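Work through the exercises below with the model open. Each one sets a task and then solves it step by step.

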Amino acid sequence: MDRTIEAVLFDRDGTLVRDVPYNGDPARVEPMPGAREAIMDLRAHGLRTGVVSNQSGIGRGLLTEGQVRAVNARVEELLGRFGTWQICPHHPDDGCACRKPAPGLVFAACEALGVSPERTVVVGDIEADVVAARNAGATSVLIPTEVTRPDEVERAPRTAADLRAAVGMIL
Ligand SMILES: [Mg+2]
Ligand SMILES: [Zn+2]
C-alpha cells in the first residue's frame with residue numbers, strides 16, 4: 001500500500017461475519033475464516049479498527065435497533081472491541097448520506113477515530129464498500145465471496161482472498 005495506514009474499517013456482513021440476511025439473532029453470528037487472528041494482528045500493530053455497516057433491515061421494519069446492537073455485541077465478543085461502529089439504519093429509498101456507497105459512514109468512522117480518510121482502508125465484500133471508500137478518499141480492499149458479482153471483482157482496485165491476505169496487504 002502506497003500510503004501510511006492508521007485505521008481499517010470493515011464491512012460487517014460477508015466480511016467480518018457470515019452474511020445472514022437481516023440477522024437479528026446473536027446466536028447466528030459466525031466469523032469469517034481467519035477473522036479473529038487478522039484483526040488481532042492489525043491491533044497488535046497499533047492500527048485502529050472500526051465497522052461500517054448498512055442495516056436497511058431497520059428501515060424496512062425487519063429488524064429493531066436493539067437486535068442490531070445485540071448482533072454487534074456478539075461480533076465484539078468473538079472478534080474483540082472495535083474503536084467505532086457506524087451503522088446506516090435507513091431504507092435504500094431514503095436517499096440518506098450514510099448508506100454505502102455514499103461515504104457518510106466512512107467519514108463518521110474516521111472522525112470518531114481521529115484519523116484522516118486518506119490514512120484509512122475500507123475492507124468489504126461488494127462494490128458498495130469499494131465505492132464508499134473511494135467517495136471518502138480512502139483505500140479499499142475487496143474480499144470476494146460466492147455472492148460477489150464477477151464484474152465488481154474485476155473493477156475493484158485491490159482484491160484479497162481472505163481477511164488474512166487483506167491484512168497482509170495493509171501491514
Ligand atoms: Mg457485506
Ligand atoms: Zn443511512
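**Exercise 1. Decide whether D125 is buried or exposed, and place it in the fold.**

Solution.
- Step 1. The relative accessibility of D125 is 5%. Buried means under 20%, so D125 counts as buried.
- Step 2. This is a predicted model. In it, D125 sits in the loop between β4 (120-124) and α5 (127-136).
- Step 3. List the contacts of D125, skipping residues up to four places away in sequence. They are D11, D13, G14, T15, L142, I143, T145 and T148.

**Exercise 2. Find the protein donors of the magnesium ion (ligand 1) and give their spacing along the chain.**

Solution.
- Step 1. The donors are D11 (OD), D13 (O) and D125 (OD). They lie 2.2 Å from the magnesium ion (ligand 1).
- Step 2. Read the spacing along the chain: D-x1-D-x111-D.
- Step 3. Compare with the record. The unreviewed UniProt entry lists D11, D13 and D125 under "binding site".
- Step 4. Check how these residues are arranged in space. They span 115 residues in sequence, but no two of their C-alpha atoms are more than 8.3 Å apart, so they gather at one spot.
- Step 5. Look at the largest cavity. From this set, D13 belongs to its lining.

**Exercise 3. Describe the surroundings of D11, and state whether D11 and D13 are buried or exposed.**

Solution.
- Step 1. D11 lies in the loop between β1 (7-10) and α1 (35-44).
- Step 2. Apply the cut-off of under 20% for buried. D11 has 6% relative accessibility, so it counts as buried. D13 has 16%, so D13 counts as buried too.
- Step 3. Collect the contacts of D11, again leaving out residues up to four places away in sequence. They are L16, V52, K100, V123, G124, D125 and D129.
- Step 4. Pick out K100 from that list. The side chains of D11 and K100 are joined by a polar contact of 3.0 Å.

**Exercise 4. Name the donors of the zinc ion (ligand 2) and work out the geometry of its site.**

Solution.
- Step 1. The donors are C88 (SG), H90 (ND1), C96 (SG) and C98 (SG), at 2.0 to 2.2 Å.
- Step 2. In sequence, these donor residues follow C-x1-H-x5-C-x1-C.
- Step 3. Take the angles among the four donor atoms. They run from 102 to 117 degrees. Four donors count as tetrahedral if all angles lie between 85 and 135 degrees, so the site of the zinc ion (ligand 2) is tetrahedral.
- Step 4. For reference, the ideal angle for four tetrahedral donors is 109.5 degrees.
- Step 5. Turn to the record. The "binding site" annotation in the unreviewed UniProt entry covers C88, H90, C96 and C98.

**Exercise 5. Sort H90, C96 and C98 into buried and partly exposed.**

Solution.
- Step 1. Set the limits: buried is under 20%, exposed is over 50%, and partly exposed is in between.
- Step 2. H90 has a relative accessible area of 28%, so H90 is partly exposed. C96, at 23%, is partly exposed as well.
- Step 3. C98 has a relative accessible area of 17%, so C98 is buried.
- Step 4. Locate two of these residues. H90 lies in the loop between β3 (84-88) and α4 (104-113). C98 lies in the loop between β3 and α4.
- Step 5. Add contacts, ignoring neighbours up to four places away in sequence. H90 touches S56, G59, C96 and C98. C98 is in contact with N54, C88, H90, G104 and L105.

Notes:
Residues are numbered from 1 along each chain as its sequence is written. Chains are lettered from A and ligands numbered from 1 in the order in which they are written. This is a predicted model: local features need pLDDT of at least 70, side-chain atom pairs count only at pLDDT 80 or more; totals for chains, interfaces and linings use all residues. Side-chain values use heavy atoms; hydrogens and water are left out. Donors are N, O and S atoms within 2.8 Å of the metal (3.2 Å for Na, K and Ca); water is not among the atoms, so sites may look incomplete. Buried means under 20% relative accessible area, exposed over 50%, partly exposed in between (1.4 Å probe, protein chains only). UniProt positions are given in the numbering used here, feature names are shortened, and annotations may be inferred rather than shown by experiment. On a 1 Å grid over the protein atoms alone, a cavity is a set of points where a 1.4 Å probe fits but cannot get out, and a pocket is an open set with protein on both sides within 12 Å along at least five of seven lines; lining residues have an atom within 4 Å of a point. Helices (H or I, at least four residues) and strands (E, at least two) are DSSP runs, numbered from the N terminus. Contact means heavy atoms within 4.5 Å. A polar contact is a pair of N or O atoms within 3.5 Å; within protein, one must be able to donate a hydrogen and the other to accept it, and residues adjacent in sequence count only if both atoms are side-chain atoms. Four donors count as tetrahedral if all angles lie between 85 and 135 degrees; four count as square planar and six as octahedral if opposite donors are over 155 degrees apart and all others between 65 and 115; anything else is irregular.
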